[in-house]
Amino acid sequence: MKMYSPQKFRPFAWLSVGLRSMAYLLRHWFLLLVADLMISPVGPHLLVWYTYKEFNGYRVYSDCLYLGGGGLREFDNWGECPVIVIIDRKKP
């Protein structure tokens, strides 16, 4: 026969574990953000290189090369090259 051993009644044990896990993840939010940007197919890209032609004092951009989570990506934005653009890597 087994001896009686009292067990603690902890109704919020899972809540406590969940909150501690959430605090750990929030402490490392920057690493999670970087990982998310690398994995996500849609994300911000930074302008690296561009070419343009000048017409009547206005620049018309012809080629824009961006650097993002998936590497270098050429993007045609109809004559404009913003510094930061959101590109979907799934589209050709």
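This is a short dialogue about reading a predicted model.

Colleague: What should I know before I start?

Modeller: The model is predicted, so local features need pLDDT of at least 70 and side-chain atom pairs count only at pLDDT 80 or more, while totals for chains, interfaces and linings use all residues. Residues are numbered from 1 along each chain as its sequence is written, and side-chain values use heavy atoms, with hydrogens and water left out.

Colleague: Which order do the strands of the sheet have?

Modeller: Strands (E, at least two residues) and helices (H or I, at least four) are DSSP runs numbered from the N terminus. Two strands pair if DSSP finds at least two bridges between them. Here four strands make an open sheet in the order β3-β2-β1-β4, with antiparallel pairing. β3 (71-74) and β4 are at the edges with a single partner strand each, so one side of each has no neighbour in the sheet.

Colleague: How many bridges join β1 to β2, and how many join β1 to β4?

Modeller: β1 and β2 pair over nine bridges, while strand β1 (residues 42-55) and β4 pair over five. As examples, Trp49 has Leu65 in β2 as its bridge partner, and His45 has Val85 in β4. β1 and β2 also form a hairpin with two residues between them, and Asn56 in the turn has a positive phi of about 50°.

Colleague: Which side chains of β4 are buried?

Modeller: Buried means under 20% relative accessible area, exposed over 50%, and partly exposed in between (1.4 Å probe, protein chains only). Along β4 (residues 84-88) the side chains alternate: Val85 and Ile87 point to one face and are buried, whereas Ile84, Ile86 and Asp88 point to the other and are not.

Colleague: Which residues make the largest nonpolar core?

Modeller: In soluble globular proteins, nonpolar side chains tend to be buried together. A nonpolar core is a set of buried Ala, Val, Leu, Ile, Met, Phe, Trp, Tyr and Cys residues joined through side-chain atoms within 4.5 Å. The largest one here has five residues: Cys64, Tyr66, Cys81, Val85 and Ile87. β2 (58-68) and β4 each supply at least two residues of this core.

Colleague: Is Ser21 buried or partly exposed?

Modeller: Ser21, found in helix α1 (residues 13-27), is partly exposed, with a relative accessible area of 39%. Ser21 and Val83 are 62 residues apart in sequence and 37 Å apart in space, C-alpha to C-alpha.
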